[in-house]
Each structure stands twice: as structure tokens, then as C-alpha cells.
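This briefing goes through the pockets, cavities, salt bridges and cysteines of one protein chain. Please look over the sequence and the structure before reading on.

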Amino acid sequence: MYTFSSKLKTFSLILMAVGLLGIGYGFYTAPKDIKEVEKLLAADSHGSHDVAKHEATDSHPAKAESHESNSHAAPAAHEDKSHAAEAHVVDAHAEHEAHLTHVLHQLQNKPWAALYVACIFFMLIALGALAFYAIQQVAQAGWSPVLFRVMQGITSYLPVGSVLFFILLILSGLHFNHLFVWLGEGVTDPNSSAYDHIIAGKAGYLNFPFWIARAAIFLLGWSLYQYYSRKNCLAQDEANDNLYYKKNFKMSAAFLVFFIVSESIMSWDWIMSIDPHWFSTLFGWYVFASFFVSGITTIAMVTLYLKSKGYLEHVNTSHIHDLAKFMFGISVFWTYLWFSQFMLIWYADIPEEVTYYVTRIQLYNLPFFGAVAMNFLFPLLILINTDFKRITWVLVMAGVVILLGHYVDFFNMIMPGTVGDQWFIGVPEIASILFFLGLFIYVVFTALTKAPLLAKRNPFIEESKHFHY
């Protein structure tokens, strides 16, 4: 039986505490009204304001002289121009207030978006591990049963993460934030100034009751499979036949059908709808590849940690090598999907589609291309070597880079539509990562203490124990 070390438990609790403080700080320091936004923008562009003021002062005498001559020559024309100028000032003021309100929403979104990215990322890591576990069950894989308890430990985070994420979705629907534009008031009302005909055309699908109902079905379905598959696996240890194993086989096959449908819809609902004017038919696969490789990488990382502490005596370098091959292969698959989606949209150059990438290349240049380097170039150069797939420190290094890279990938998918050009990785982003990392560690390693680390009655357990090639 695994024992959750006091050092690791304390570390996870510290991460959560520091994370909560940082998250609270992010919400506390977010601007409350447009006056605060105006001060922030004025401070950021202080130099440019000085230059503009200097130019206006230099040009004033000429304007005054011109004004004087024109006023004597044509008083009627001067009066018309005055009215036009007043109207222009009113329009400019309204436009300025609209801009300040827009920036206010972006800055208020920043702590919410940071929380949202970290919450969905860690939840989907557990979902990726669950999908990998289900695939092993259906494939009747002979190499992986010695890793089943590790997979089950990681997937134990899914119900916890699902509850927290569902709360975030409800808060979004109750207008605690502006993460989803289509949830805004008046966007589907033709008589409203906020009316958006594109969003209105999608209102049959993008409406809060239907959206939150789909979320409840998906999160509950995934969590129920996680619970019952683990329950059957533990019951199989005490059984005299393979009844529970067969139940898990059938359940896993049904789950994979449900998963592939729900995962695609989930990616549209929770990520793609943040940019409701844009869509991609590859998006569901793209999101899947990102969290699937993250889940496999986490399985490898937890396995290496347990091995370093003297557990998992039947896990050998061949098992580790196989996990590393999946890390490498799915990283290449993610890159294929990234390039396919990017290349087709960029080459077609259709304005309503290409704007998605223009925004990210212009405003998110470093994280956008940095994610490609972290999720493709680095794994390719490191994990293509067979020997490196068996070296612990190399795999840990590669795993950390892959996980950080896919966090950045989710950051790129969510932040541009929620905070626009007001992004930077600051206290809210780092604090959110720390909180959910601490919670993830605490839940996963607590779950590992609840059962033996070997699924001793699995029909393929002996083959898995002696797996070599």
C-alpha cells in the first residue's frame, strides 16, 4: 500500500494556500469601474500623451489665427461648424466610454480567465488519463495493467475538478464575469444596441439552459465511468472469476463512444464558444490531442515518482519506454492537427476565419509560437531517441516542458477571446496554476493510498509483470 508522505502532503497544502492568496489578490486588484481603467491606461501611455499635448500646443497659434480670419469672413459657416464640432465631441466621448467599458470587462475577466484556464486544464488532464485507461481496457492491452492503479489515482481528480468547473460555468451564466460574449444581455435581441446577428443565429444551441445541461451530462457521465470502472477493478481483486473484468470491458467500450462525442461538443461549448464568430471543424480533435498527451505525460510522471520512492516493483523500463512512446506519438499528432488547422485557415485567408490567428500572432506572438516549440520541437528532439525514453531525468524534463506547453496552448485558446491585448502572465495566472496543482497532487496521492498499487486479479497482470522487449 502506498503512504502519502507528510512532506508531499504539506507541499500540496502550501501550494493551495499560496494559490488561494494569489487568486484573491487578482480579484482584489482588478479595476472596479471605468475611472480606474482610465487611470491605468493614462499611466501606461503617459509618454504618448505628453507628445500629443506638445504637438497640440505647437499647432494652436496657427489654428487660432485661421479661426479668427474664418469667423470674420463667414459667421454662418462658423456656427454650422460649431454644431458639428459639438456633435463630434459627443460621439467621441461616447466612443471613449465604450472603449473604457470594453477594457474594464477585459481586465475584470483576467483573474476569472486565469482561474478558468487552470481549472479546465487540470480537469482535462484527469479526463485524458481516463480515456487512456479506457482504451487499455478495450484493447485488452497486456503491457499496461501494472499501471492501472496509477491511472485510477489520477482520474480520481476528475469528480473534484468537475464540480469546481461546473461552479465556474454557473457563475459565468449568472454574469459574474464576461468570459462568454454570447451570454451577454441583449446580444440576441434585435432591439438592443448589443445585438449580434451571428450569435443570434446560434441562439438555438448557444443558450444558457441547454449549455449548462450539456455540461452537467458530460461531467456526470465521465465521473460515473471513473467511479464504477475503479469500483469494478477493485472488486476484481477479490473475485474468483473474471465477471468484473468483463463488466469493465463493456463499460469502457460504451464510455469511449460517449467520450468521443461529448469531448467534441465540450470543446465547442467551453472553449470555441469564447470566440463565437469563429469555428473550426478540427477543433474537437485538436483539444483532444492536447489534453490526451497531457494525461499520458502525467501518468508517466506519477509512475516515475512512485518508482523513485520504491513502489511499483513490477514496472520496468519497458513500461516507461511505452509511456514515452505515447508521449512522443501524441505530441506529433497534436502538431499535425495544429498545422492542419492553421495552414488551411491561413492559406484560405477568409476574413471571419483568419482573424482568429491574426489576433494570436499579433498580440500573443511569444506564447503562440512558443507552444509549438514546447509541444513539438522539444519532444521531437528529446524523445525520438530510444535510449532517452528510458532515462528518468530526461523523461521528467520532457514531461514538465510538455505539460507547461499544453497549459500555454489552453492559454492561447482562451485568453485572446476573454482579455484581448490586456494579457500577461502575472499573479492570477501563476496563483491559479499553484492552487489547482496543489489540489491535484492532494487528491491524486490521497486516492493512491486507498487501494493496493497492483491490480492483482486482472487477467493480463502476469503478462504485464513480465513485459519486456
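A salt bridge is a side-chain nitrogen of Lys or Arg within 4 Å of a carboxyl oxygen of Asp or Glu. K325 and D322 meet that rule, because their closest N and O atoms are 3.4 Å apart. The model is predicted. By the rule above, the count comes to six salt bridges.

**Salt bridges**

- K325 and D322 both belong to helix α11, which covers residues 317–348. They are three residues apart, so about one helical turn separates them.
- K325 is partly exposed, because its relative accessibility is 39% and the partly exposed class lies between 20% and 50%. D322 counts as buried, because its relative accessibility of 9% is under 20%.
- A salt bridge also joins E429 to K110, and here the closest N and O atoms are 2.9 Å apart. This pair links distant parts of the chain: E429 sits in helix α15 and K110 in helix α4, 319 residues apart. E429 and K110 are buried.
- D275 pairs with R360, with 3.4 Å between the closest N and O atoms. D275 is in the loop between α9 (243–270) and α10, while R360 is in helix α12, so the salt bridge ties together parts that are 85 residues apart in sequence. Both residues, D275 and R360, are buried.

**Largest pocket**

- The largest pocket holds about 770 Å³ of space. It is lined by 33 residues, and those closest to its centre are H102, H178, V181, I274 and G417.
- Three elements give two or more residues to this lining: α4 (75–139), α12 (351–363) and α14 (392–419). Which of the elements supplies the largest share of the lining of the largest pocket? Helix α4 does, with six residues.
- Sorted by class, the lining of the largest pocket has 15 polar, 14 nonpolar and four charged residues.

**Second largest pocket**

- The volume of the second largest pocket is about 620 Å³. Its lining is made of 22 residues, and M301, V400, L403, L437 and I441 are the closest to its centre.
- The elements that each give two or more residues to the lining of the second largest pocket are α1 (6–29), α4, α10 (283–308), α14 and α15 (427–448).
- How many residues of each class line the second largest pocket? There are 20 nonpolar and two polar residues, and no charged ones.

**Cavities**

- The structure contains five cavities of 30 Å³ or more. The largest cavity has a volume of about 100 Å³.
- Residues lining the largest cavity include Y286, W334, W338, Y356, Y357 and F368. R360, the partner of D275 in a salt bridge, is also part of this lining.
- Helices α11, α12, α13 (365–383) and α14 each contribute at least two residues to the lining of the largest cavity. The lining divides by class into eight nonpolar, two polar and two charged residues.
- The second largest cavity offers about 70 Å³ of space. Among the residues that line it are Q137, F148, N232, C233, Q236 and D237.
- Helices α8 (208–238) and α9 each supply at least two residues of the lining of the second largest cavity. The largest share, four residues, comes from α8.
- By class, the residues around the second largest cavity are five nonpolar, five polar and two charged.

**Cysteines**

- A disulfide is a covalent bond between the sulfur atoms of two cysteines. How many disulfides does the structure hold? The number is zero.
- Is C119 buried or exposed? C119 is buried, because its relative accessible area is 1% and the cut-off for buried is under 20%.
- C233 falls in the buried class too, because its relative accessible area is 7%, again under 20%. C233 is one of the residues that line the second largest cavity.

How values were computed
Residues numbered from 1 in each chain as written. Predicted model: local features only at pLDDT ≥ 70, side-chain atom pairs only at ≥ 80, totals over all residues. Heavy atoms only, no water. Disulfide = S-S within 2.5 Å. Buried < 20%, exposed > 50% of the residue type's maximum accessible area, 1.4 Å probe, protein only. 1 Å grid on protein atoms, 1.4 Å probe; cavity = no way out; pocket = protein on both sides within 12 Å on 5 of 7 lines; lining within 4 Å. Points joined across faces, edges and corners; volume = space filled by probe spheres on them. Nonpolar A, V, L, I, M, F, W, Y, C, P; charged D, E, K, R; others polar.
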